[in-house]
Amino acid sequence: MSGIERSKRLAAFAAVDENLLAKHRVIGIGSGSTVPYVVERIFSRGEENKDRVFIPSGFQSKELVVSAGMNLGDVDQYPIIDVTFDGADEVDANLNCIKGGGACHLREKVLAEAAKIFILVADYRKNVEFLGTNFSQGVPIEVVPFAYAKVLQNLRGVVGSPTASLRMAVKKAGPVVSDNANFIIDAPFDREVMKDPYTIMAKIKMITGVVEVGLFCHMAKAAYFGNEDGTVTIKRRGGGVETLQPEVATPQ
């Protein structure tokens, strides 16, 4: 296992150990490269999971739940979730985060808002002071295909992202299409704008044709980051930061 993968696993195990309580029955499972380790740790609870229902945000997390033989549910059936675990592309000092590098942020935000407790899990590269530090491609924005050209024009000329662009597929001709059959726009903003992500999120959401914005503000209770040295850094709502030492953080 590479150092990065070990960091993700450390963070996921610590997040599940601290936040998945025996009383929790409805669990949201987000998307991203840390999520397989979240499911791995939950699966290790064994019989404790038999009365639980797991709500996935997309194809990847659904496949993980099904492959683990855990009970699959839907947010239509369970609009209130006890705890949701999800990855992030970046998390700032105030637990605001960028999500949507995998084009799943609409469904991820639904599960985050439905959760009583929303927990972020990532490796040390995602731990930043200001959003946009390492994730430079911009804020992911899901748009209806009919409106994408108009939304691009608004972003470039009015909102302040002159290099906003439609995300194109890598091994497919044409744009990336979300699980909801929508397009994705990536809109970079400068540092001053990203110091206040809630304000820019609200401006973007006011554009007709925008379905959802990949900025999650004022939502997370805590974020767990696996580090290269085997520790796990925990940022908590309200500004608290602590570090789990290797003997505490090491997966069993």
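In this predicted model, the largest cavity holds about 30 Å³ of space, and the search that found it counts one cavity of 30 Å³ or more. Its lining is made up of Ser57, Ala103, Cys104, His105, Leu106, Arg107, Glu142, Ser178, Asp179 and Asn180. Sorted by character, these lining residues divide into three nonpolar, four polar and three charged. The element that gives the most to this lining is helix α4, which covers residues 105–114 and supplies three residues.

From the cavity the reader can turn to helix α1, which runs over residues 3–19. Its 17 residues, taken at 1.5 Å a residue, should span 24 Å, and because the C-alpha atoms at its two ends are 24 Å apart, the expected span and the modelled one agree. Several residues of α1 are buried, among them Ser7, Lys8 and Arg9, as well as Leu10, Phe13, Val16 and Asn19. Alanine 14 also lies in this helix, and it counts as buried because its relative accessibility is 6%, where the cut-off for burial is under 20%. Between the C-alpha atoms of alanine 14 and serine 2, which are twelve residues apart along the chain, the separation is 18 Å.

Aromatic side chains offer another way through the fold. A search of the whole structure finds two aromatic pairs. In one of the pairs, tyrosine 148 and phenylalanine 183 meet edge-to-face, with 5.7 Å from centre to centre and 65° between the planes of their rings. This pair links distant parts of the chain, since tyrosine 148 belongs to helix α5 (residues 148–159) and phenylalanine 183 to strand β9 (residues 183–187), with the two positions 35 residues apart in the numbering. The partners also differ in their exposure: tyrosine 148 has 31% relative accessibility and therefore counts as partly exposed, whereas phenylalanine 183, with a relative accessible area of 15%, is buried.

Two further phenylalanine rings have a lysine placed over them. The charged end of lysine 109 sits over the ring of phenylalanine 216, at 4.9 Å from the ring centre. In the other arrangement, the charged end of lysine 195 sits over the ring of phenylalanine 130, and here the distance to the ring centre is 5.4 Å.

How values were computed:
Residues are numbered from 1 along each chain as its sequence is written. This is a predicted model: local features need pLDDT of at least 70, side-chain atom pairs count only at pLDDT 80 or more; totals for chains, interfaces and linings use all residues. Side-chain values use heavy atoms; hydrogens and water are left out. Rings of Phe, Tyr and Trp (its six-membered ring) pair if their centres lie within 6.5 Å; planes under 30 degrees apart count as stacked, over 60 as edge-to-face and the rest as tilted. Helices (H or I, at least four residues) and strands (E, at least two) are DSSP runs, numbered from the N terminus. Buried means under 20% relative accessible area, exposed over 50%, partly exposed in between (1.4 Å probe, protein chains only). A charge sits over a ring if NZ of Lys or CZ of Arg is within 6 Å of the ring centre and within 35 degrees of the ring normal. The expected span of a helix is 1.5 Å times one less than its number of residues. On a 1 Å grid over the protein atoms alone, a cavity is a set of points where a 1.4 Å probe fits but cannot get out, and a pocket is an open set with protein on both sides within 12 Å along at least five of seven lines; lining residues have an atom within 4 Å of a point. Grid points are joined across faces, edges and corners, and a volume is the space filled by probe spheres set on the points. Ala, Val, Leu, Ile, Met, Phe, Trp, Tyr, Cys and Pro count as nonpolar, Asp, Glu, Lys and Arg as charged, and the others, Gly among them, as polar.
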